[in-house]
Amino acid sequence: MEYITSKIIENIEVSKGIYSMKLKHKKGIKPGQFYMLKGEKSFLGRPISVCEVDNDVVRFLYAVVGKGTNEFSNLKEGENIKIIGPLGNGFSLEQDYGKVALVGGGIGVAPMLELAKALNKEKKSKIDFYGGFRDEVYLVNEIEAYVDKAIVSTNTGKVGYKGFITEPLLENIKNYDTVLCCGPEVMMKKVVEICKENNVNVYVSMEKHMACGVGACLVCTCKTKEGNKRTCKDGPVFNGLDVEF
Ligand SMILES: Cc1cc2nc3c(=O)[nH]c(=O)nc-3n(C[C@H](O)[C@H](O)[C@H](O)COP(=O)(O)OP(=O)(O)OC[C@H]3O[C@@H](n4cnc5c(N)ncnc54)[C@H](O)[C@@H]3O)c2cc1C
Ligand code: FES
């Protein structure tokens with residue numbers, strides 16, 4: 001698969017070090033899928049989740065953490081970026097999840113907006129959102145429009161519950177049949193433990209380093225009960241009970 005050039009429609013800082021980028025897209029994107037985005041200065045692309053789809057526009061939310069994402073943050077409206085996507089399996093929308101808790105940690109909240117929108121459209125059952133942040137809270141006000149209840153935690157106590165989001169989740173876990181989760185690996189490991197102990201289904205979107213993004217290089221290996229899987233091609237969404245953290 002080759003990178004194609006896409007024109008940036010919008011690229012704005014929405015919170016400290018957190019940017020929202022919009023590009024034109026093709027149809028048929030599933031929540032939880034991602035794109036490889038690449039600036040002129042980088043040899044390799046960086047995987048970034050689809051945050052929202054609106055008609056023919058796809059939006060990404062990214063945190064500036066290193067060289068690649070810093071280059072993205074300097075791109076202006078009207079400039080070009082190289083893209084491949086949508087990639088990966090995404091969250092299944094065919095499955096009846098029952099009562100759902102969406103759990104996002106930090107920039108892991110990014111795919112939760114499009115997921116909340118898609119689940120809300122089908123609206124078979126209750127959907128709650130749990131968002132855990134260090135200090136600054138972002139995207140929650142947009143997700144709130146599509147869920148029954150949004151619970152927020154910050155490590156500093158600046159907004160919502162003071163502590164980790166896994167604490168209110170544990171308190172309420174008996175209210176849910178399924179948890180859909182994206183965030184730091186240590187958080188997802190804890191979420192899977194909570195779900196396992198309480199017989200709740202759990203699906204996680206794994207964040208591994210990637211090089212090709214299309215299944216060819218094996219950089220993104222994720223250990224599962226069924227052996228090593230490629231996060232980019234076989235995931236990034238896996239049944240949490242199958243992942244060996
Ligand atoms: C499927 C998938 C979807 C993702 N979606 C998003 C998203 O929507 N928004 C977003 O901001 N980020 C997302 N990421 C993470 C993003 O790809 C990395 O932050 C980015 O590649 C870092 O590139 P860099 O050159 O800026 O930083 P680097 O210089 O490469 O790294 C800076 C720091 O980030 C860490 N890091 C790099 N890549 C990853 C990674 N894949 N997972 C965890 N830590 C990493 C490094 O260890 C280092 O500490 C996603 C990752 C995957 C695998
Ligand atoms: S990033 Fe190359 S196989 Fe997944």
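In this predicted model, strand S4 gives four residues to the lining of the largest pocket, the largest share from any element. The pocket itself has a volume of about 1,500 Å³. Its lining is made up of 49 residues, and the ones closest to the centre are Ala-63, Gly-105, Ile-107, Gly-108 and Glu-207. Besides strand S4 (46-49), the elements that put two or more residues into this lining are strand S6 (57-63), helix H1 (67-73), helix H2 (110-122), strand S9 (127-133) and helix H5 (185-197). So helices and strands both turn up in the list. Sorted by class, the lining has 23 nonpolar residues, 17 polar ones and nine that are charged.

Next comes ligand 1. There are 20 residues around ligand 1, and Arg-46, Pro-47, Ala-63, Gly-68 and Thr-69 come nearest. Ala-63 also belongs to the residues closest to the centre of the largest pocket. A few polar atoms sit at short range, and they can be taken one at a time. Thr-69 has a polar side-chain atom 2.4 Å from an oxygen atom of ligand 1. Glu-207 also uses its side chain, with a polar atom 3.2 Å from a nitrogen atom of the ligand. With Lys-208, it is the backbone that counts: one of its N or O atoms lies 3.0 Å from a nitrogen atom of ligand 1.

The second largest pocket has a volume of about 220 Å³. Its lining consists of Ile-29, Pro-31, Val-53, Leu-93, Glu-114, Lys-117, Ala-118 and Lys-121. Helix H2 makes the largest contribution here, with four residues. As for chemistry, five of the lining residues are nonpolar and three are charged, with no polar ones at all.

What about space that is closed off? The search turns up one cavity of 30 Å³ or more, and the volume of the largest cavity is about 120 Å³. Thirteen residues line that cavity, and Tyr-97, Gly-98, Leu-119, Lys-124 and Ser-125 lie nearest its centre. This lining is a mix of five nonpolar, three polar and five charged residues.

Asp-128 is worth a look too. This residue lies in strand S9, and it counts as buried because its relative accessibility is 0%. Its side chain is not without partners: a polar contact of 3.1 Å links it to the side chain of Lys-126. The Asp-128 side chain also reaches the backbone nitrogen of Lys-149, at 3.3 Å.

Last come the cysteines. How many disulfides does a search of the whole structure find? It finds zero. A disulfide is a covalent bond between the sulfur atoms of two cysteines. Two sulfurs have to be within 2.5 Å to count as such a pair. For Cys-51, the closest cysteine sulfur belongs to Cys-182 and is 11 Å away, so the distance is too far for a bond. Cys-51 is also buried, with a relative accessible area of 0%. Cys-212 has 19% relative accessibility, and since buried means under 20%, Cys-212 counts as buried as well.

Key. Residues are numbered from 1 along each chain as its sequence is written. Chains are lettered from A and ligands numbered from 1 in the order in which they are written. This is a predicted model: local features need pLDDT of at least 70, side-chain atom pairs count only at pLDDT 80 or more; totals for chains, interfaces and linings use all residues. Side-chain values use heavy atoms; hydrogens and water are left out. Buried means under 20% relative accessible area, exposed over 50%, partly exposed in between (1.4 Å probe, protein chains only). On a 1 Å grid over the protein atoms alone, a cavity is a set of points where a 1.4 Å probe fits but cannot get out, and a pocket is an open set with protein on both sides within 12 Å along at least five of seven lines; lining residues have an atom within 4 Å of a point. Grid points are joined across faces, edges and corners, and a volume is the space filled by probe spheres set on the points. Ala, Val, Leu, Ile, Met, Phe, Trp, Tyr, Cys and Pro count as nonpolar, Asp, Glu, Lys and Arg as charged, and the others, Gly among them, as polar. A residue is near a molecule or strand if one of its heavy atoms lies within 4 Å of it. A polar contact is a pair of N or O atoms within 3.5 Å; within protein, one must be able to donate a hydrogen and the other to accept it, and residues adjacent in sequence count only if both atoms are side-chain atoms.
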